[in-house]
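Here are a few exercises to work through with the model open in your viewer. Try each task before you read its solution.

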Amino acid sequence: MMMNSSPTPGQADDLSWMRRALALAQTVMYSTAPNPRVGCVIVRDGRVLGEGATQPPGGPHAEVCALRDAQARGESVAGATVYVTLEPCSHFGRTPPCVDALLAAAPARVVVAIGDPNPLVNGKGLARLREAGIAVTTGICREEALALNAGFISRMSRGLPWTWLKMAASLDGRSALHNGLSQWITGPEARADGHRWRARSCVVLTGIGTVLKDDPQLTVRSVETPRQPRRAVVDGRFEIPEDARLFDGGEVIVFTARADAAKQARLEARNVRVVALPAEMPDRVDLPAMMRWFAAQQFNEVHVEAGAGLSGALVAAGCIDELLIYMAPMLLGDAAGVVKLPMLERLDAAPRYEFIEAERVAADLRLRARVPEHWRGLLRRVELPAAGTP
């Protein structure tokens, strides 16, 4: 049932401060993986005492950064309210538990956007806060917080990364002329926007067809980033040229179904990781197994830029969670499509998505659509007990 009432002043404050914490988390979009992107703001009487965001792996988490910021300002946070976009950790990893630092600081209240399904956390930190008499409120800006960390939540709860398929298409859904010409369907602004999505991912994935046709670099070049995502190629027959531009010194992962020990040794000497994942069909890579491999290697988000064949195979295998489509205001007519799928006999057999965004990017349009069941599954996994006090 729709609620038409406006939020109370206290609820409005919670929304405002949590959105500030989310904005802080946005500032570390490209640097925290495999850890989540988290922001934290500490407030008393409408005034910020300290704030911070999670640092690169091995560095302090958002809560500790905010507490240190408050200390540097000469502020005590005892009795204050802490806003944090993800449940505080309660275990020793590269750093001590954030919940210990919060307990020592003795705030009156902690407001959390989403839970952390990591089995080492998963409500334990909030239980300790409540046991200490600290009021806990949960679920503020839940969907926005999940969107920042869908990959981390997916890896922790499903054993899979969150994977989006990026496509550039004409209004009639075509990606290239039949002679292969495709540069450029979209404008420079849309291409730069696509690089932001590359930058936030842990790995950029393509297929051997794209490597043989375009010899791409798959690096982030249009935006500043403190680290380049890994690059990966699905190459069932192990045909990848050893002089491909991908092999520039950065780590590249090649998934194959064929063994060639000599070629593998030469590539591994050039920082290439060869992973054999044969499927039941000859010369095909087991795509679901590849996604499980990514998660086991702590890859949170996978950005796919591939031809119609691999794109269609990933969709058909259920490996795609989200579509990222850049649509140009042109018609290409009888030309190559963006996704190659088996012919359907019934409309109810078509893969279904839910539009979540439509935004102009200069002359082009960016569309985003999710598999609704995948998203709802993540929302269930970040639910925490209802707002309240101990």
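**Exercise 1.** Find the angle at which helix α10 and helix α11 pack, and decide how to describe their arrangement.

*Solution.* Keep in mind that this is a predicted model. Start with the helices themselves: α10 covers residues 287–296 and α11 covers residues 308–316. Their axes lie 9 Å apart, and the packing angle is about 80 degrees. Angles of 65 to 115 degrees count as roughly perpendicular, so α10 is roughly perpendicular to α11. Next, pick out who touches whom: α10 brings Leu287, Met290 and Met291, which meet Leu310, Ala313 and Leu314 of α11. Last, sort the residues of this contact by class, and you get six nonpolar, no polar and no charged.

**Exercise 2.** Do the same for α6 and α12, then work out what covers the buried residues of α12.

*Solution.* Geometry comes first again: α6 and α12 pack at about 80 degrees, with 10 Å between their axes. That makes α6 roughly perpendicular to α12. On the α6 side, the contact uses Ala150, Ile153, Ser154, Ser157 and Arg158. Facing them from α12 are His374, Trp375, Leu378 and Arg381. The class count here is four nonpolar, three polar and two charged residues.

Now list the buried residues of α12 (residues 372–381): Pro372, Trp375, Gly377, Leu378 and Leu379. Their cover includes α6 (150–158) along with α5 (142–148), and the strands β6 (162–170), β15 (354–361) and β16 (364–370).

**Exercise 3.** Locate the largest nonpolar core and say which helix gives the most to it.

*Solution.* Begin with the members: the core has 61 residues, and Met18, Ile42, Val77, Leu129 and Ile153 touch the most other members. Helix α1 (residues 9–26) is the top contributor to this core, with six residues. Then check the domains: at least three residues of the core come from each of domain 1 (9–29 + 36–140) and domain 2 (159–371).

Zoom in on Met18 next. Skipping neighbours within four places in sequence, Met18 is in contact with Tyr83, Val84, Thr85, Val111, Val112, Ala113, Ile140 and Cys141. Apart from this core there's another one, of 30 residues, including Cys202, Val203, Val304 and Cys319.

**Exercise 4.** How far apart are the centres of domain 1 and domain 2?

*Solution.* Take the bounds from the domain assignment: 9–29 + 36–140 for domain 1, and 159–371 for domain 2. With the centres taken over C-alpha atoms, the separation is 36 Å.

Conventions. Residues numbered from 1 in each chain as written. Predicted model: local features only at pLDDT ≥ 70, side-chain atom pairs only at ≥ 80, totals over all residues. Heavy atoms only, no water. Core = buried A, V, L, I, M, F, W, Y, C linked by side-chain atoms within 4.5 Å. Buried < 20%, exposed > 50% of the residue type's maximum accessible area, 1.4 Å probe, protein only. Helix = DSSP H or I, 4+ residues; strand = E, 2+ residues; numbered from the N terminus. Domains from an automatic or database assignment. Contact = heavy atoms within 4.5 Å. Axes fitted to C-alpha atoms, helices over the stretch in contact; angles between N-to-C directions. Parallel < 35°, antiparallel > 145°, perpendicular 65-115°, else oblique. Nonpolar A, V, L, I, M, F, W, Y, C, P; charged D, E, K, R; others polar.
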